[in-house]
Amino acid sequence: MPAGGWTWGKVLLTGMCALATLAAVDVALHRVAPPKPLLEVDEAMAQYEAGDPTVLALGSSHARSFIAMGRALSERTGGTERIQAVPVEWGKYTPYAWVLAHRILPILEERDASGALRRPSLRHVLLVTEWWDSTALDPGTGSITMALPARAWQWKDFLADVREHGLTPYNQNFLQRVWREAWSFSTLVQDRGYENITKGLKEAIRGKDEAAERASYDNRMRGWQSMVEDGASHLFDPAQVQSLDDIVGTFRRLGVDVTIVLYPRMPGTLTQKAKDTTLRQFSDRMQGFARERGVRFVDMTFTNPLTDADFEVDFDHVKPEGNRRLAEWALDGDLAFLAGRVGGCAGPGPRAEGANAAAATGSATGGEP
Amino acid sequence: MSLVGLEFAFFFPLVFLAHWLGPRRAAWQNAVLLLASVVFYATWNLGLLGVLAAATAVSFGAGLALDVLGTPAPEAAPTTPGRRRRKAVLVAAIVAELGLLGVFKYSGFFAESFNALLVGLGLPDALPVLRLVLPLGISYTTLIQVGYLLEVYWGRAPACRDPLAYAIFVGFFPQLIAGPIVRARVMLPQYLVPRRLTSAGAASGAGAFLLGFVMKAFVADWLSPRVVDPVFADPASFGAVALWIALLGYATQLFCDFAGYSLMAIGTGRLFGLELPENFRYPFLSKSLAEFWRRWHISLNTWLFDYLFAPLTTGRSWFRGRAGAGFLVVFLVSGLWHGATWTYVLWGLAHGVALAGHHAYDEWYKRNCRRDRRWVAWRKATPYALASWFVTQVFFVLTLVPFRAPSIGAAADFAKGLLGLGGAEGLGQRFGLQAGACVLFFAGYHLLEVGAGPAWKGRFLALPAPVRGVVYGLVLAFLLVYVPVGASTFIYAQF
């Protein structure tokens with residue numbers, strides 16, 4: 001008998017029972033905090049490869065709102081117009097530019113044996129953005145680890161970065177993403193950092209603490225308000241502006257119609273001061289940029305059908321029902337051209353034929369070239 | 001890379017499989033571990049890998065040279081050419097190893113201190129202050145190599161002739177960041193033979209790793225940002241009770257961080273069929289400072305006592321027979337080893353003086369015991385044991401003030417605050433279920449070693465395997481929920 005009474009059989013049995021217990025706990029906690037699968041760049045690119053969309057919605061996590069819009073657009077057009085959302089979690093213009101160069105372009109420009117484009121259908125690009133995307137760092141934290149091209153990396157990109165810089169909090173984000181994807185079915189893994197399990201268990205045991213929830217809500221609301229107000233002094237970091245220019249330039253070179261879409265913000269988080277400073281400055285300059293580059297500009301920051309109740313508890317993302325309403329509203333209005341009803345730019349011909357560079361036939365809310 | 005980071009979950013299985021699925025030959029196993037160690041090191045700083053490689057080559061070559069020169073007969077005169085040559089090789093190699101450590105770790109400190117002295121005398125700065133990046137684990141690998149050279153020189157261990165085995169002896173990745181400081185006599189024989197993974201080794205390795213992970217990732221990383229760091233960063237904003245809680249929290253954090261790391265390293269070693277030395281043995285049960293240092297960072301303290309204290313107090317120098325002075329030197333060196341700052345020097349000085357004082361008291365007490373047996377009975381009585389335990393622990397905890405503080409001035413401010421007024425205001429929001437779990441774990445970990453504790457442990461280990469599996473599964477689920485995201489690096493990695 002080995003030391004401590006451990007035989008391989010006992011080791012195996014103990015390990016199996018530990019894993020079974022872990023799995024049972026995980027399943028039991030699904031009711032408390034079910035994992036929410038989120039579209040990430042990898043999966044989005046796989047969908048792109050298979051779907052050959054007509055519209056690309058590139059942006060941060062907000063681009064996920066365009067999944068619902070894609071469904072609505074498909075319904076309206078009988079499937080002839082298809083939106084592919086490419087959300088770069090925590091992204092800004094520099095990460096978007098990286099994703100465009102390293103993930104999207106190789107697919108866009110892939111050709112078959114005859115030299116024809118494999119996916120020639122893309123006609124519109126929606127660059128989904130907000131003021132935060134133009135700042136260098138996350139205002140208030142100064143942390144560069146939050147701007148995450150690592151969310152879009154592949155193993156070769158990760159290894160190249162480790163070779164150059166060693167293992168850093170920045171590139172470790174890639175491993176976090178891979179780990180989370182590998183355990184996408186697990187509540188215990190997916191809830192790390194969100195604490196929905198502990199909150200849910202507390203509620204289950206003690207009941208809802210309305211006063212504490214209200215206090216937390218108010219506290220977070222004040223935090224958001226001051227963050228947006230403070231954003232004015234961080235806007236338009238030169239590196240981010242350069243990346244924005246590169247992104248628009250690249251799509252224009254490809255002959256694709258570009259629309260800059262300012263994403264809706266939760267009304268309660270916006271003070272008058274924020275509207276007059278951060279948001280006004282951002283909107284004005286982006287509108288000017290769109291005019292200069294001859295691309296469409298749609299500002300949904302305040303002009304949208306959403307109320308505070310349509311936003312998630314993070315005050316940032318829109319709930320599924322809100323996304324559906326936003327999609328219908330936008331497709332009836334500023335983004336109606338996606339269904340070919342209003343405006344139009346590239347014409348019906350495929351991208352390969354080189355239509356459209358002259359694009360920019362103006363926008364519903366401004367941005368005449 | 002760190003043993004507690006997510007990257008280790010990707011790295012370890014690859015190394016484990018390569019190690020055990022390849023041929024069962026020492027050369028293969030050592031090659032896999034060396035390659036893994038190189039990758040592990042390179043993830044910190046690829047450029048400084050050359051420093052470790054050069055240092056390892058020097059000590060390996062010096063060991064061979066000492067072997068070639070042979071061990072002279074004990075009766076040979078110290079001035080014989082063979083002895084002189086061996087001594088010259090030893091001194092040159094140790095100077096090279098310590099010189100490297102000195103340049104990277106201490107040159108800035110000594111230059112700054114010298115310049116400050118000159119400025120105090122009204123003279124201009126004279127020395128340039130170098131700001132060098134400290135190679136990972138250099139404090140540990142240097143002591144490992146110097147210990148090896150001394151062992152070979154004294155004829156206590158044979159020189160290693162296998163460069164692969166020697167390289168992995170110095171740079172085995174689990175011990176690279178923060179020890180344990182391994183000995184040639186213990187580890188080299190293990191690297192020279194093929195290892196076999198046993199069921200007991202796998203179980204105890206996984207168990208040690210899990211226990212270490214709980215200590216580090218749950219206890220230490222929970223305490224640090226909530227209880228310790230905010231108070232040490234701004235002690236003036238907190239009352240005396242909060243300062244005491246933070247200080248006790250730091251003692252717990254430091255122990256769980258370092259002992260946790262050591263256990264994870266030992267556990268990882270066992271999973272590769274290697275037995276690294278124990279580094280902690282329930283230090284908070286100690287009833288004297290001497291006992292404390294036999295239980296805390298055992299591999300460093302035995303190194304200092306074997307290779308510094310013993311030669312110093314038994315050699316031909318002024319220190320011969322002067323244990324008190326020996327303690328002072330050993331702990332000043334220990335303080336400086338921890339870091340090139342005056343706070344560590346103060347910490348080392350405090351422990352050196354206290355150990356010298358305790359040694360003198362012990363001698364005095366023993367004399368009384370020899371005169372009157374009642375002194376023996378008093379020492380064995382519970383009140384004496386409790387008082388000894390209390391004084392020892394309070395002294396250790398208090399010396400953590402300079403150990404943790406960024407400067408002597410900050411340490412003085414913190415110490416003054418401990419004697420002041422005020423409660424635990426400002427800390428109130430930071431306590432909850434996790435705080436209770438941390439205290440319970442820390443207390444339970446030590447209490448399971450006293451009284452009926454070992455029997456309880458035995459009862460748990462005698463439970464059927466499925467029951468133990470369920471318990472381990474629940475522990476893992478608890479960790480997944482409560483371990484803070486983004487576990488930090490290890491405190492002792494900086495030394």
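Of the 122 residues in the largest nonpolar core, L149(B), F169(B), V219(B) and A246(B) touch the most other members. Helix α10 (residues 240-271) of chain B supplies the largest share of this core, 18 residues. A nonpolar core here is a set of buried Ala, Val, Leu, Ile, Met, Phe, Trp, Tyr and Cys residues joined through C-beta atoms within 7 Å. A residue is buried if 20 or more other C-beta atoms lie within 10 Å of its own, exposed if 12 or fewer, and partly exposed in between, with C-beta atoms placed from the backbone.

This is a predicted model: local features need pLDDT of at least 70, side-chain atom pairs count only at pLDDT 80 or more, and totals for chains, interfaces and linings use all residues. Residues are numbered from 1 along each chain as its sequence is written, while chains are lettered from A and ligands numbered from 1 in the order in which they are written.

**Cores**

L149(B) touches S59(B), A62(B), G63(B), L90(B), A93(B) and I94(B), not counting residues up to four places away in sequence. Such a contact means that two C-beta atoms, placed from the backbone, lie within 7 Å. A second, separate core of 67 residues includes V88(A), A152(A), F174(A) and W224(A). In soluble globular proteins, nonpolar side chains tend to be buried together.

**The two chains**

Helices (H or I, at least four residues) and strands (E, at least two) are DSSP runs, numbered from the N terminus.

| Chain | Helices and strands | Buried share |
|---|---|---|
| Chain A | 12 helices and 5 strands | 40% of the 369 residues |
| Chain B | 20 helices and 0 strands | 40% of the 495 residues |

The radius of gyration of chain B, taken over C-alpha atoms, is 24 Å. The globule rule (2.2 Å times the number of residues to the power 0.38) gives 23 Å for 495 residues, so chain B is as compact as a globular protein of that length. Its C-alpha atoms fill a box of roughly 70 × 65 × 60 Å, taken along the principal axes. Among contacts in chain B between residues at least 6 apart in sequence, 72% join residues at least 24 apart.

**Where the chains meet**

The contact takes 27 residues from chain B and 32 residues from chain A. On the chain B side, α1 (6-21), α2 (26-45), α9 (199-233) and α20 (465-482) each give two or more residues. Helix α20(B) gives the most, with 12 residues. By class, this side has 18 nonpolar, 7 polar and 2 charged residues. Ala, Val, Leu, Ile, Met, Phe, Trp, Tyr, Cys and Pro count as nonpolar, Asp, Glu, Lys and Arg as charged, and the others, Gly among them, as polar.

**A covered strand in chain A**

Strand β1 (residues 55-59) of chain A has 5 of its 5 residues buried. V55(A), A57(A) and G59(A) lie on one side, L56(A) and L58(A) on the other. Strands pair if DSSP finds at least two bridges between them. β1(A) pairs with β2 (residues 83-87) of chain A in the parallel sense over 5 bridges. In β2(A), I83(A) is the bridge partner of V55(A). The chain crosses from β1(A) through helix α3 (residues 65-77) of chain A to β2(A), and this β-α-β crossover is right-handed. That term means that, with the strands pointing away from the viewer, the path from the first strand over the helix to the second runs clockwise. Another 5 bridges join β1(A) to the parallel strand β3 (residues 124-129) of chain A. In β3(A), L127(A) is the bridge partner of L58(A).
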